Amino acid sequence: MIRTDLRYHRPDTPEQASAHLAAHGDDAVVLGGGTLLVPMLGRAEVTARHAVDLRGLGLDTVTEHAGHVEIGAMTTYHRVHTSPVLARRAPLLVRMAAGITGGEQIRNLGTIGGSACHANPSSDVPAVLVALGATLRLHGPAGHRDVAAADFFRGAFATDLAAGEFLASLRVPHQHHRAGYHKLTLCEGSWPIVTAVATLDPERRGAEVTVGAAKAVPMRIPLTTLLDDAGRLDVGGIEALVRHRIDDPWSDVLADGSYRRAVAGAVCRRAVAELLEGANR
Amino acid sequence: MASTDLAAPRVEQTRRRDGDLMLTGRAEYLDDLEPAGTLHMAVLRSPHPHARLRAVDAAPARRCRGVRAVVTGTDALELAGPLPHTFDPTGVGGRTADFRVLAVDEVRFVGDPVAVVVADSLADAEAAAEAIRVDYEELPAVVELDDALAESAPLVFADWGENVMLRLPYSAGDADAAMARSPHVLRDEFRFQRYQAAPLEPRGYLADWAASGKLTVHASTQNPHMVRATLSRVLDVPEARIRVVATRLGGAFGHKFAGYPEEVLVCLLSRAVGAPVKWVESRAEALLVGAREFAIDLAVGFDDTGRILAVQGRVLGNIGCLSTWSGWGMMLPAGMLMPGPYDIPHCAIDTVAVVTNKPPWNGARGYGKEAPTLALERMVDLVAEHLALDPVRVRMRNFVPPDAFPYWSMAKHLDSGDYPGALTKVVRLSDYDRCRERQRAARAEGRLHGVGVAFELSPEGADFAGSYARGFDTSTVRVSPTGGITVLTGVTSPGTGNETSIAALVATAFGLPVDTVSVVQGDTDACPVGFGNSSSRSLTAGGAAAVRAARTVRERMARAAAVVLGVPADGLIFAGGQIASDTARIGFAEVADQVYRNAYAIPGLDEPLLEATAVVRPLNSSYLPDEQGRMSGYPNYSYSAHVCVVDVDAETGRVVVLEYTAVDDCGVRISPVFVAGQLYGGIVMGVGGALFEQLPFDAAGRPLARTFKHYLVPRAADVPDIRLGHQVTPSPFTLLGTKGAGESGLSGAVACVANAVNDALRPLGVRIHRMPLSAPRVLAAIRSGGAT
Amino acid sequence: MTEPAPPPPGRTIRLRVNGTEHTVAIEDRELLVDVIRRRLAMTGTHAGCYGGDCGACTVTVNGAIVKSCLMLAASVDGAEITTIEGFSGGADLDPIQEAFWAEDGFQCGFCLPGQLFATRDLLDRDPDPDDDVIRGALSGNICRCTGYVAMVRAVRTAARERRAP
């Protein structure tokens with residue numbers, strides 16, 4: 001049970017939300033979908049006296065803009081999964097949302113914004129946002145600021161969010177090319193052990209994988225050194241390249257770092273292989 | 001000797017009793033009970049694996065909002081006596097200690113209860129418990145088996161002088177000599193992880209100590225009468241003033257065996273505050289409970305044909321701290337199980353129970369049979385591998401033959417069986433030869449594809465005289481004036497549906513529709529003293545007792561009907577709600593009514609006791625050694641044969657179970673649909689334990705699993721469909737021919753998956769005998785290129 | 001601290017549960033599952049883990065299935081909720097419930113709220129799912145009794161019954 005005298009706040013405007021957060025400092029938590037925070041409050045792993053619920057801010061919409069899609073921070077996995085706009089403009093996100101474990105009951109509550117802010121290394125969202133080049137719009141007492149996903153994740157369970165700030169939306173550039181995606185879990189109830197997004201940009205002759213859960217923060221690994229003159233990728237070289245880059249792997253109760261390091265290369269190679277096979281179809 | 005009623009009733013399979021209540025949310029479980037004014041208990045637990053309690057200052061908690069009472073270990077010394085074991089290890093030559101409801105001057109595991117708070121709300125009780133200040137002096141702790149057995153290891157119980165709680169040497173024949181003359185000997189080591197039952201509904205207790213002095217306890221427990229006996233002893237209150245009601249259980253599987261301190265704590269708090277007090281275990285608390293952490297060394301001697309001549313080994317169990325919730329008892333079958341279904345006259349197994357500063361064990365489905373089954377079945381496969389024989393063939397070569405029963409196998413007197421028959425059947429049902437063909441094709445493509453075979457012997461109906469783990473039980477059958485039937489039984493249901501089967505058995509005895517029979521379980525004010533739910537004996541003991549009682553009542557009903565109808569009692573048939581002779585018939589209810597209205601008034605109608613109580617004992621247990629020193633504590637021996645197919649991902653170590661087939665024989669099946677349900681559930685718990693269920697600890701002895709995100713259990717997408725076949729070899733020693741089905745499948749599944757994974761890894765020359773076969777561990781084995 | 005703390009922050013919320021309006025005083029810190037179970041005394045919704053893992057606390061909130069242990073009750077003021085008590089919508093048993101019973105798709109019954117709601121959620125989207133899809137759809141819920149075999153069978157049967165004209 002939540003044993004602190006928690007006070008529930010449901011602000012109507014971003015300004016009110018930031019004001020609550022600023023006023024209560026460490027004693028306040030931002031309540032998104034609740035799938036991560038609420039049980040942690042119940043187990044007293046997080047203690048707070050103020051919960052600031054973002055449900056009243058209308059942050060649950062997906063809006064198409066020229067060049068990017070804006071996804072409200074309270075957009076659930078279910079809504080991501082079923083969004084026609086995202087199916088067109090950011091299919092990788094749709095695919096990731098479909099693979100979130102915990103059942104439809106979790107996908108109806110959990111949000112990609114909440115997962116980003118929790119910044120558990122062993123989660124699906126951070127690496128996908130980094131791979132897509134997403135920007136996170138943070139709202140604070142002084143207004144908005146935008147942070148690139150690659151800069152937002154600062155460490156395990158640590159983000160760039162400052163006092164009084166909350167995540168308002170995610171801006172995801174239109175995905176112009178297919179992405180390959182692979183996620184390794186131990187079983188259905190397991191959180192991700194390693195994820196990989198592979199992207200290829202034929203015009204700019206770029207290729208990279210973004211590895212999630214292998215380190216405390218997502219890691220982009222360029223594969224350009226593996227491209228030959230004809231633009232073909234040396235798939236066989238991926239594993240060694242990736243393993244070399246996972247120098248300080250993440251450990252948790254489900255899998256220690258040595259395992260993550262041992263499998264990261266194969267996971268990346270599978271993401272790339274899927275991408276290439278898809279391209280051939 | 002043979003006492004099976006060859007006319008064992010064929011009952012009609014019906015739907016699960018109260019299914020409509022469960023499906024519509026109207027079935028009541030423990031936490032659904034909350035009388036007005038109920039207060040809530042929170043337990044402050046030790047965060048240290050081992051520490052001296054220098055001081056416990058409860059004053060800050062007493063000042064917290066909503067707090068009605070706080071009790072520390074010192075306070076509790078005045079309120080409650082020492083906790084008795086439900087299964088005292090001294091009865092089998094083990095050690096014990098003084099166990100209290102709250103720690104007094106030393107805590108011995110993370111989670112050891114230190115103090116309790118009762119408050120208006122659970123949240124306030126938990127907040128207040130947190131406010132208690134405890135001054136701990138940390139002491140050296142032992143966590144793993146090797147540490148505990150090391151010389152000069154820190155002691156869990158200082159006055160024992162060592163950390164060994166119990167040594168049990170089991171032997172038959174002359175294993176040393178047989179091993180010495182065996183043409184081949186293989187030996188290996190196995191590690192079986194700590195993994196628990198994890199019922200979905202946690203434990204819970206609700207005590208209401210009324211001003212009248214009557215204590216009523218509702219409990220999510222498997223053994224209500226044992227709880228009442230303990231409360232009487234510990235609280236020094238006559239049992240006549242205590243009523244324990246076991247509520248409908250949301251699963252149990254051994255986790256809810258009696259003996260926990262919280263059973264007593266809610267009562268003494270209720271007395272202290274004069275209100276009902278409830279406690280429900282949190283998931284994190286539930287995950288403290290351990291089970292079956294074993295290290296097994298095993299050697300087998302065999303000849304060129306694959307005939308196994310001797311088995312020798314040692315079973316070490318890390319039982320955590322000893323406690324009164326008696327999961328340590330799993331050590332008994334862990335050694336006793338050997339040599340399983342095989343005809344191996346020379347066998348010696350040392351069983352050693354070792355205490356550590358991990359939390360104690362309680363029971364868990366499989367109950368210590370899973371680890372030796374794993375070790376034995378792996379060894380049989382290694383014999384096959386060594387001789388380049390098919391593992392099915394080696395098993396066939398070694399089974400106790402069907403004509404050899406009853407058969408003494410070390411400390412087991414095997415009742416009956418056709419082991420080759422079950423294996424033959426599963427080979428056919430699984431299309432084993434095609435599995436092997438597909439495996440060859442998969443290997444040719446470089447895939448790690450394995451086919452596993454395993455055989456499980458599942459001793460059931462544990463009957464250990466001197467303990468409360470007994471094989472007999474008692475039921476009462478009562479006929480009321482409208483012809484309604486009430487069964488009151490000492491066995492309880494953990495959610496398996498035995499109440500449905502008991503009702504069906506009794507209804508069948510009277511030729512009545514099943515819904516005329518009500519079954520009362522778990523209420524100590526109503527039911528005969530019984531042992532509740534354990535060791536897959538609900539129908540073999542409680543169901544059979546109900547049948548026996550029903551037959552007694554039926555005879556009286558027949559005599560009454562004969563008087564009313566004016567026909568001889570012999571040959572009356574009970575069917576379709578009627579009691580009939582060739583020439584006359586009368587409604588069952590009419591006879592019951594006549595008995596109550598006209599007994600003694602009508603000549604011959606002089607047996608108005610339409611009620612009988614019967615006890616049924618297992619006829620295949622021994623309480624004293626025979627002339628050859630042999631004793632068998634398990635009377636019933638179910639068994640099952642398994643085949644599964646797995647893929648192992650060579651790059652990640654992840655195992656996928658593609659196909660699963662099993663054939664079981666639990667003797668006569670009363671309700672085949674429910675037997676199948678037990679097998680499905682047991683097999684999936686076994687697959688979970690084979691692959692990923694585990695309770696990890698850090699090096700200091702602190703548990704790392706607090707939620708189902710850390711303790712992974714199988715979900716629907718983790719397991720395949722299960723093809724199930726059955727064989728029926730009735731037990732000649734039980735009234736109904738039943739043997740018990742509640743644990744079947746689990747041990748076989750653990751072994752079958754382990755054999756399949758090892759089979760998959762064979763082309764790499766890799767063996768893996770450390771469980772579970774989680775992806776990280778399998779990959780490490782693959783990368784090491786050898787045995788782990 | 002010498003004086004006990006004042007009562008924790010609370011409020012009054014309105015919930016429409018299985019078609020009936022409730023006005024209920026809650027503490028802000030209370031979970032939806034506990035408000036349903038304790039304040040409204042509808043105990044068919046179960047709490048097996050309080051961590052969003054087991055699914056036994058599943059209800060629908062404004063038509064979407066959710067795990068009610070993951071929500072503060074304060075955040076669903078005004079919501080329309082269906083619990084297992086209202087699953088059949090007034091009939092004795094819904095065809096899904098009938099199928100679970102007929103196929104022996106459950107044993108102890110504790111996990112049923114999650115299994116039943118997940119089944120309906122699936123069949124509303126996909127009237128004829130294959131076994132893999134069924135198993136995926138049930139994977140937000142833990143069952144320790146059945147091994148899922150008969151449960152999957154029950155979902156298939158329910159799907160067939162619902163498709164029948």
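Of the 165 residues of chain C, 65% count as buried. Keep in mind that this is a predicted model. Chain C has five helices and five strands. Along the sequence the order is β-β-α-β-β-β-α-α-α-α. Its C-alpha atoms fill a box of roughly 65 × 30 × 25 Å along the principal axes. Now the contacts inside chain C. Take those with a separation of 6 or more: 53% of them join residues 24 or more positions apart.

Let me start with helix 2 of chain C. Which of its residues are buried? They are C:Ile96, C:Gln97, C:Ala99, C:Phe100 and C:Trp101. The cover over them includes helix 3 and helix 5 of chain C, and also helix 1 of chain B. A word on helices in general. An α-helix has 3.6 residues a turn, so residues three or four places apart point the same way.

Look at the two ends. At the N-terminal end, C:Asp94 is the cap. One of its side-chain oxygens lies 2.7 Å from the backbone nitrogen of C:Ile96. Just after the helix, C:Asp104 has a positive phi of about 55°.

Next, the interface between chain C and chain B. Here 50 residues of chain C are in contact with 57 residues of chain B. The two chains bury about 4,400 Å² between them. Carbon and sulfur atoms carry 54% of that. On the chain C side, C:Trp101, C:Gln107 and C:Arg144 supply 20% of the buried area, more than any other three residues. C:Trp101 is one of the buried residues of helix 2.

How many salt bridges cross between chain C and chain B? The rule finds nine. One joins B:Asp32 to C:Arg37, with the closest N and O atoms 2.8 Å apart. There are also 30 residue pairs in polar contact, both partners at pLDDT 80 or more.

Which elements of chain C face chain B? Helices 1 (32-39), 2 (95-102), 3 (112-125), 4 (131-138) and 5 (149-163) each give two or more residues. Helix 2 gives the most, with five residues. By type, this side of chain C divides into 25 nonpolar, 14 polar and 11 charged residues.

On to aromatics. The structure holds 24 aromatic pairs over all chains. One of them is B:Tyr29 with C:Phe110, which is edge-to-face. The centres are 5.2 Å apart, and the planes make an angle of 85°. Why does this pair join two chains? B:Tyr29 lies in the loop between helix 1 (19-23) and strand 1 (39-45) of chain B, and C:Phe110 in the loop between helix 2 and helix 3 of chain C, so the pair joins the two. Both B:Tyr29 and C:Phe110 are buried. Elsewhere, B:Tyr342, B:Phe399, B:Phe405, B:Tyr419, B:Phe455 and B:Tyr639 form one aromatic cluster.

Now the other partner, chain A. The contact takes 27 residues from chain A and 30 from chain C. These chains bury about 2,200 Å² between them, 62% of it on carbon and sulfur atoms. The count here is one salt bridge. A:Asp5 and C:Arg29 form a salt bridge at 3.7 Å, N to O. Polar contacts number 10 residue pairs, both at pLDDT 80 or more. On the chain A side, strand 1 (7-9), helix 2 (37-42), strand 3 (50-53) and helix 6 (104-107) each supply at least two residues. Helix 6 gives the most, with three. The residues on that side divide into 10 nonpolar, eight polar and nine charged.

Last, two residues inside chain B. B:Val217 lies in strand 10, residues 215-219. Is B:Val217 buried or exposed? B:Val217 is buried, at a relative accessible area of 1%. Beyond four places in sequence, its contacts include B:Leu206, B:Leu231, B:Val245 and B:Cys267. B:Val277 is 60 residues away from B:Val217 in sequence, and 9.5 Å away C-alpha to C-alpha.

The second is B:His225, in helix 7, residues 224-235. B:His225 is buried too, with a relative accessible area of 5%. Its side chain reaches the backbone nitrogen of B:Gly530 at 3.3 Å. Beyond four places in sequence, B:His225 is also in contact with residues including B:Glu239, B:Thr524, B:Cys527 and B:Pro528.

How values were computed
Residues numbered from 1 in each chain as written. Chains lettered and ligands numbered in written order. Predicted model: local features only at pLDDT ≥ 70, side-chain atom pairs only at ≥ 80, totals over all residues. Heavy atoms only, no water. Contact = heavy atoms within 4.5 Å. Buried area = accessible area lost by both parts, 1.4 Å probe. Salt bridge = Lys/Arg side-chain N within 4 Å of Asp/Glu carboxyl O. Polar contact = N/O pair within 3.5 Å; in protein donor to acceptor, adjacent residues only side chain to side chain. Helix = DSSP H or I, 4+ residues; strand = E, 2+ residues; numbered from the N terminus. Nonpolar A, V, L, I, M, F, W, Y, C, P; charged D, E, K, R; others polar. Buried < 20%, exposed > 50% of the residue type's maximum accessible area, 1.4 Å probe, protein only. Phe/Tyr/Trp six-rings, centres within 6.5 Å; stacked < 30°, edge-to-face > 60°.
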